[in-house]
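Student: I have a structure open and would like to learn how to read its features. Could you take me through it?

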Amino acid sequence: MIIYIVSIILLVLISPLLLSYIKATKMVLLFKRPISIFQGYRNFSKLMHKETIISEETSAITKYAPFLVLAPLIVVMFFLPPLVHGSYYVSFVDAFTITGLISLSTFFLMLLGLDSASAFGGMGSSREAFISALVEPAMVLTIFSVSLMAGNLGVGQAGVNLAEHFPKEHMASFLFAAISFFILLIAENGRIPVDNPETHLELTMVHEAMILDLTGVYLAIIETAASIKFVIFASLFASLFMPFGLEFAAPIAFLIFIAKLFLIATVVALLEVNTAKLRLFKIPNLLGLSIVFAFLSLITFYVLGA
Amino acid sequence: MFVFDTLSLVFVALILLGAVPNIFYSSGYLPHIERKAHYQLHYFAFIISMLGVVVSANALVFLFFWELMSLTSWQLILTETKEKATIKAARFYFIMTHFGFLFLLLFFLIVTDGDLEMSFASMKLIASHFAYPTLLFFFLVLGFLSKAGAVPLHVWLPYAHPQAPSPVSALMSGVMLKVAIYGMFRFLFDVLYPWPLEWGIVILTIGALSSLVGVLYALSEHDIKALLANHSIENIGIILIGFGMGMIFDTLGLHTLSTFAFIAALFHTFNHMSFKSLLFMGAGSVLHQTHTKNMEKYGGLIKTMPITALTFLIAAVSISALPPSNGFLSEWMIFQSMLSSSHIDNISLKLAIPFAIFALAMTGGLAIACFVKAYGITFLGLHRSTNAKHAHEVNFLMKSGMILMTFVVLSLMLFTPYYMEYFDKVFVGLGRASIYADIFPEGIWHMHSVGMNGGIVSPLILLFSLVGVTAFMMFAYKVFGVKTRLHNSWACGYKTSQKTQYSATGFAGPIRRFFTWLYKPDEHFEKQTIAGHETKFDASHYEVHVKPLFEKIFYINVAKAVNYISYWVYRLSHFEQTRYAAMIFNIMLVVLFSYRIFSHEFSWATFVLEFFVMMISVKILIIGDKK
């Protein structure tokens with residue numbers, strides 16, 4: 001139980017570090033002087049000390065929505081697969097619920113974008129609605145396929161099952177599912193081929209546009225939510241698609257897990273450096289690829305495993 | 001004459017849950033209706049007729065109440081006949097509902113052998129001896145699903161529901177469609193029981209198509225009530241997906257899974273009743289205050305109509321299937337039953353079901369987009385018109401109707417296990433084993449799937465943890481005493497006004513563009529240029545309308561074909577008399593030729609030869625020269 005609580009707290013604490021690490025890696029690769037990997041914490045503390053400016057045009061939604069964006073993600077943190085063998089984990093929540101909770105967070109984020117009556121907020125919400133509508137089917141199909149291989153739909157139980165017995169005979173479907181899930185990781189977190197988190201140019205932005213009117217503590221909450229979302233997806237990827245290293249003693253297992261998260265972050269950074277942002281109307285092609293891989297994964301599972 | 005088994009009683013409960021808050025709302029709405037007596041009479045007759053349908057025990061009573069339900073709802077659409085569109089919609093509804101009635105009548109005439117007072121149990125005997133059971137099944141599908149609004153018989157919904165007064169739309173969409181679902185349950189179980197596999201697949205396909213088509217057309221809609229009507233098509237589709245999975249599992253002998261899927265469908269029926277009624281009431285309040293159904297004219301209503309906005313938000317979260325709402329729970333159950341398709345041995349069926357999963361998941365994603373649009377454009381931002389500016393909260397009775405309905409929505413979420421117990425009893429009554437203990441093996445906190453590697457969900461724990469975390473953060477925010485300041489929206493330094501906000505059309509823009517092949521939008525774009533400069537303009541106007549594809553294919557084209565044929569029949573009946581002799585000659589020729597083809601031998605050469613002989617004689621003798 002203690003390991004469980006500690007690992008959740010550590011994951012929350014590490015989340016800004018991961019995003020700053022991606023940024024720093026990208027800057028190194030582009031021959032720039034990198035930012036400190038602790039920049040995320042600095043931004044957070046700076047924002048926490050600022051006063052909150054609320055737009056006059058907004059309503060009660062802006063007052064409550066930032067908390068409602070963060071709360072489901074924090075709840076999801078409690079349902080992640082265990083990082084260490086024998087650690088407590090919540091076995092009564094399945095992958096659908098996690099998808100649903102992430103959608104709940106996005107739902108309030110989109111309302112927040114529409115509430116400030118600025119054209120940018122509406123644009124961001126509209127684009128986010130478009131992207132997340134296409135993410136949903138790929139997500140559900142990938143979950144379905146992974147749950148078949150892991151023998152359980154509950155993510156906690158699935159993580160444990162995969163770590164204990166890896167289904168080598170289903171390697172092909174496993175790989176397809178992994179590709180599909182990685183595309184989803186990029187799309188849901190607004191990384192480069194889908195959205196550029198670093199610019200405020202109107203043409204490129206999705207996530208940033210929705211929160212253009214937020215400042216101070218509210219902005220800090222939303223930024224935390226974004227980084228926690230990345231950690232959720234990265235650790236789901238790490239537990240479900242790289243299920244090894246759980247059997248070591250707690251500190252080592254934990255370090256291995258962190259290393260896996262950094263590995264994923266590095267891959268994301270490399271991808272961001274090497275690709276350009278897609279046009280909005282090309283994004284369905286990428287997500288369609290993800291859907292196709294999810295279908296392929298299921299079909300290979302059924303055909304080979306029947 | 002009447003039957004009160006668990007299935008009937010559960011549907012009586014559904015109708016009462018839908019109707020009682022509606023009566024409050026309706027009495028608050030009454031002062032704005034001109035023909036009060038007409039409205040009241042048909043309103044209560046409508047509710048009673050729905051109750052009559054679900055408790056009737058023989059075909060005669062059933063058909064009587066069914067027809068009464070259709071006629072009263074038709075009259076209710078006609079309450080306010082000032083607009084031409086209302087009369088048109090009512091006529092369309094009248095035709096569609098009697099189209100369905102015709103097939104129900106045919107069904108009953110066959111299965112009762114003409115004795116309409118026969119009980120449902122004895123109909124089963126006759127139906128089992130009937131040579132073409134699939135014909136009976138299609139009669140049922142056409143009869144009930146045209147009322148429920150499944151693709152491709154859904155076309156009347158987006159016309160009829162917006163034109164009715166709002167309490168009636170809430171009743172029609174929330175409750176009346178469910179009466180059709182009752183009919184499916186009752187007659188498929190009681191009369192046509194052992195189903196072939198194909199029937200389940202037909203229902204599943206109709207469901208998957210309806211859900212996608214409904215949500216896609218809902219997204220492109222600016223009329224708030226038409227949007228909600230399209231969402232009814234979607235939700236009926238979701239119910240039918242559950243229903244179809246239940247039928248498929250049943251024919252494959254997976255009885256526990258089958259009951260689970262049927263319970264999911266029944267639960268979604270209840271959920272849809274609750275949130276759709278609430279949404280229609282909310283839309284009705286907004287409409288009542290702003291006097292327009294066009295969403296582009298709303299905006300910022302949350303500030304002046306907080307109760308409506310809050311109840312609408314709860315219903316929107318629920319219909320978007322976001323946890324921990326009741327909508328999520330039923331959709332979760334339907335997903336679980338579809339994921340249990342890995343138990344199926346038939347490999348092609350196994351590979352086909354993921355496509356239905358895909359349709360349902362896509363529907364979920366699009367529904368979220370649609371309700372962000374509906375809620376965001378209606379209630380958030382700045383007022384988009386003067387009407388919206390002068391809107392204020394509705395009267396007490398209407399508010400209490402909405403609040404009561406919110407309690408129904410919340411009760412379905414909080415007391416899921418208790419509802420589930422009754423749903424389970426329905427299927428015990430229909431001759432299934434009880435699976436309540438399989439869904440809730442460890443008490444009421446965790447809901448289990450009955451599939452092999454199925455999931456678990458704990459709605460209450462989720463709800464409490466979400467509320468707890470949010471409350472904790474808000475408490476911390478209060479305790480730290482963060483300074484807040486009010487200022488205008490930044491919007492990159494430009495001034496925000498009602499015209500710079502995103503519109504409903506703009507919000508659905510990306511999705512509309514992605515699905516252009518389906519929507520085939522009709523765009524109007526006008527720009528007044530200044531002195532011929534393309535880049536300078538002082539006024540511009542952009543409008544886009546989406547023409548429903550199914551309506552075009554199945555209705556308008558059929559109407560065109562009938563017109564065309566009737567033109568030729570008209571021509572024929574105005575020939576001079578000599579040509580009638582020629583027609584008789586030609587008909588005899590056809591009969592003789594076809595007799596030879598069918599009863600003797602068939603060869604392509606003679607067939608082609610005879611065809612040309614026919615054509616030439618028709619051309620010369622009947623049609624003659626063109627004038």
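Tutor: Gladly! Let's begin with overall size: the radius of gyration is taken over C-alpha atoms, and the globule rule is 2.2 Å times the number of residues to the power 0.38. Please keep in mind that this is a predicted model, where local features need pLDDT of at least 70, side-chain atom pairs count only at pLDDT 80 or more, and totals for chains, interfaces and linings use all residues. Residues are numbered from 1 along each chain as its sequence is written, chains are lettered from A in the order in which they are written, and side-chain values use heavy atoms, with hydrogens and water left out.

Student: What radius of gyration does chain B have, and what would a compact globule have?

Tutor: Chain B has 28 Å, which agrees with the value near 25 Å for a compact globule of 627 residues. Its C-alpha trace spans about 100 × 80 × 55 Å along the principal axes.

Student: How many helices and strands are there in chain B?

Tutor: Helices (H or I, at least four residues) and strands (E, at least two) are DSSP runs, numbered from the N terminus. Chain B has 25 helices and five strands.

Student: What share of the residues in chain B is buried?

Tutor: Buried means under 20% relative accessible area, exposed over 50%, and partly exposed in between (1.4 Å probe, protein chains only). In chain B, 57% of the 627 residues are buried. For contacts, meaning heavy atoms within 4.5 Å, look at the pairs in chain B with a separation of 6 or more: 77% of them are between residues 24 or more positions apart.

Student: Which backbone details should I look at?

Tutor: Most residues other than glycine have a negative phi, and most peptide bonds are trans. In chain B, a cis peptide bond with omega of about 0° joins Val151(B) and Pro152(B). Pro152(B) sits in the loop between α6 (133-148) and α7 (157-163) of chain B. Another cis bond, again with omega of about 0°, joins Pro323(B) and Pro324(B), and Pro324(B) belongs to the loop between α12 (306-319) and α13 (326-339).

Student: Where is Phe31(A), and is it buried or exposed?

Tutor: Phe31(A) lies in the loop between α1 (2-29) and α2 (39-49) of chain A. It counts as exposed because its relative accessibility is 78%, and it has a positive phi of about 55° although it is not a glycine. Ala117(A) also has a positive phi, near 65°, in the loop between α4 (95-115) and α5 (119-150) of chain A. At 1% relative accessibility, Ala117(A) counts as buried.

Student: How many salt bridges are there over all chains?

Tutor: A salt bridge is a side-chain nitrogen of Lys or Arg within 4 Å of a carboxyl oxygen of Asp or Glu. The count over all chains is eight. One of them pairs Arg485(B) with Glu51(A), with the closest N and O atoms 2.7 Å apart. This pair crosses between chains, from strand β3 (residues 484-487) of chain B to the loop between α2 and β1 (52-55) of chain A.

Student: Which residue pairs with Glu272(A)?

Tutor: Glu272(A) meets Arg191(A) in a salt bridge of 2.7 Å, N to O. Glu272(A) lies in helix α10 (residues 250-274) and Arg191(A) in the loop between α7 and α8 (207-210) of chain A, so the pair ties together parts that are 81 residues apart in sequence. Both Glu272(A) and Arg191(A) are buried, and shared partners join Lys26(A), Arg191(A) and Glu272(A) into one network of salt bridges.
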